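Let's take a walk through this model together, beginning with a sheet and its helices and ending where two chains meet.

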Amino acid sequence: MHDIRIPVGPQHPALKEPESFRLALSGEKIMEASVRLGYNHRGIEKACEERTYIQDLYLIERICGICSHAHSTCFLQAVEELAGLEIPRRAAYIRSVIAELERVHSHLLWLGVAGHEVGFDTLLMYSWKDREIVLDLLAQMTGNRVNYGINTIGGVRRDISAALAREVIKGVDALEKRTRYYIEVAKEEPTLINRLSGVGVLSRQDVLSLGAVGPTARASGVGRDVRKDDPYAAYGELDFEVITDKHNDVYGRTLVRLKELLESYKIIRQALDNMPEGQLAVKAPRNIPAGEALSRYEAPRGEDVHYVKSNGTDKPDRVKVRAPTLANIQTVALMLEDRYLADMPIVVAAIDPCFSCTDRMISLKQKRQRRRVMRWEELRVYGIEWYRSRGVDFSRLNNSLKL
Amino acid sequence: MSTEEKIQQELLKRFSFLDGKVRLQRAKRLFADVPLDDFAAVLEYASRELRFPILLTITGLDEGEDLGFIYHLAREDGVTLNLKINVKKDGPSIRTVTAYFPGAEIYERELVDLLGARIEGLREGERYPLPDGWPQGQYPLRKDWNAKALKDKEAE
């Protein structure tokens, strides 16, 4: 017999993306949890069928703001297989460099979010400040902080010059120093150790049966990593370790992500030092021969899977995307049960969920809505009027703040 | 002989009806068309005997008269086996695979919402991914579906 049932979300206290949980509570304990997703469903798979492969590339890159390179590379690997294209080795190396820089910014982002969720906001400020280093590097290399647009069918669009490579190495050196400091903090700081240990427990057996992926799986001792198991881009030629941990909880997931950062730096240095000379892309045909291909990619949050079916035209017949969060979300209900309500934000955050990725598909507006852009001054007047109509008058306040 | 070729041979040895229906597309990629009635046996054999413990996802396809479903299985060594079944679109009923892969639940719910599949044996639960008020009989990933037709219908 449970005392109370509460909905949490879709506007959620812990995350900036919508998802909804129904929790049955007995006192402070969660007795039962269920998850409802789909609030970010934008129709991308369907939209891909109506666009050409090159248009789809840019659409698919926008499935997710954080692992955009993951999705675009995963999609292209399938398309390139169908077209019988072998990308130049230099392009493969550049894809791996960008992929690891993306993992670095994603894991540093997660570290900040995790710190925030447990009330350790200093960690948020520190790690997000450091994250700027990698975002600046990505902007220098590709022109963008996220959604890099580096990929094209048959290779990449931009080269990494020797001078730029030196800048990247400098940035990576600085980041490595910071990461070693965070690892020290994670291993010694009682605030983190006590707050994260034994929270969000997921056994190895649960990972195997529910098919969890990425750091969530690896922190429960399941060493699956597509970069090793089914190598793509340049990973077959690069030396790195798959990090696992046996804590089976949020603390373990923190250690795995931190140590993975060190592996990413190792990969980036190797790839830049041994980058083969050569062209950046091979010419791709407009029409892709009929066939089907399955592509796998180790995104920061876990395995990304794309399936593409072609029909001989310039548009695909079907594009299917399985983002890592969809594989991990089913573990959340399990991790919440019989735990305290106060653990919920960090347990959810610990799988590093990304619901834009997960919900790829449909939004229909009931009526045609007019979009309007409000200027700052208009917004200010609107706000003052809104309050005045409710009996509060701000108009006489001396607002000397210049914006 | 490569691992993939060995798996291909094991499949053919065990299920003679798969003759000519298992293709090795490239290293680590096996595709097989499986008759609907024999699917459970092949899936059980692949997951337990051929050591494919991972279900990557399930892809649903609209193929005109039929709906196609591809179960993407994977091994720890990276070999994937893509088992495809077909059912008639006017009675698209398949059995749940949650007994072999408990994590398949959300992938099966997606097939229900987006392609109109009927999954026998799937436990009650929240739908995914369409909203609660989504009109019945509208399956967005079917080829004859488009958003405009639905909007026009609602406007009527």
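A word on angles before we start: axes here are lines fitted to C-alpha atoms, for helices over the stretch in contact, and the angles run from 0 to 180 degrees between N-to-C directions. Please also keep in mind that this is a predicted model.

With that in hand, look at helix H2 (residues 39-49) of chain B. Helix H2(B) lies across E4 and E5 of chain B and runs at about 170° to E5(B). Another helix, H3(B), lies across E3 and E4 of chain B, and its angle to E3(B) is about 10°.

**The sheet of chain B**

The strands under these helices belong to an open sheet of five strands in chain B, ordered E1-E2-E5-E4-E3, with mixed pairing. E1 and E3 of chain B are the edge strands, each pairing on one side only. On average, neighbouring strands of this sheet are turned by 20° against each other, direction ignored.

How do E1(B) and E2(B) pair, parallel or antiparallel? They pair in the antiparallel sense, over four bridges. The two strands form a hairpin with two residues between them, and in the turn Lys28(B) has a positive phi of about 70°. Arg26(B) has Arg29(B) in E2(B) as its bridge partner. On the way to the next strand in the order, E2(B) and E5(B) run parallel and are joined by five bridges. There, Ala32(B) has Leu83(B) in E5(B) as its bridge partner. As a reminder, strands of a sheet pair through backbone hydrogen bonds, either parallel or antiparallel.

**The sheet of chain A**

Chain A has an open sheet of three strands in the order E1-E2-E3, with antiparallel pairing. Its edge strands are E1 (4-8) and E3 (29-36) of chain A, each of which pairs on one side only. Here, too, neighbouring strands are turned by 20° against each other on average, direction ignored. Strand E2 (residues 20-26) of chain A pairs with E3(A) over seven bridges in the antiparallel sense, and Ala24(A) stands opposite Glu32(A) in E3(A). Helix H12 (residues 324-336) of chain A packs on this sheet, where it touches E2 and E3 of chain A; its direction makes about 165° with that of E3(A).

Here are the bridge counts for these strand pairs:

| Strand pair | Sense | Bridges |
|---|---|---|
| E1(B) and E2(B) | antiparallel | four bridges |
| E2(B) and E5(B) | parallel | five bridges |
| E2(A) and E3(A) | antiparallel | seven bridges |

**Where the chains meet**

In the interface, 48 residues of chain B are in contact with 40 residues of chain A. Together the two chains bury about 3700 Å², 50% of it on carbon and sulfur atoms. Which residues of chain B lose the most area to chain A? They are Glu126(B), Tyr128(B) and Leu141(B), together 16% of what that side buries.

Between chain B and chain A there are 11 salt bridges. In one of them, the side chain of Glu126(B) meets that of Arg22(A) at 2.7 Å, N to O. Polar contacts across the interface link 24 residue pairs, both residues at pLDDT 80 or more. The elements giving two or more residues to this side of chain B include strands E1, E2, E4 and E5 and helices H3 and H4 of chain B, but E3(B) gives the most, with eight residues. By type, the residues on the side of chain B that touches chain A divide into 23 nonpolar, nine polar and 16 charged.

Terms used: Residues are numbered from 1 along each chain as its sequence is written. Chains are lettered from A and ligands numbered from 1 in the order in which they are written. Side-chain values use heavy atoms; hydrogens and water are left out. Contact means heavy atoms within 4.5 Å. Buried area is the accessible area (1.4 Å probe) that two parts lose on being put together, summed over both. A salt bridge is a side-chain nitrogen of Lys or Arg within 4 Å of a carboxyl oxygen of Asp or Glu. A polar contact is a pair of N or O atoms within 3.5 Å; within protein, one must be able to donate a hydrogen and the other to accept it, and residues adjacent in sequence count only if both atoms are side-chain atoms. Ala, Val, Leu, Ile, Met, Phe, Trp, Tyr, Cys and Pro count as nonpolar, Asp, Glu, Lys and Arg as charged, and the others, Gly among them, as polar. Two strands pair if DSSP finds at least two bridges between them.
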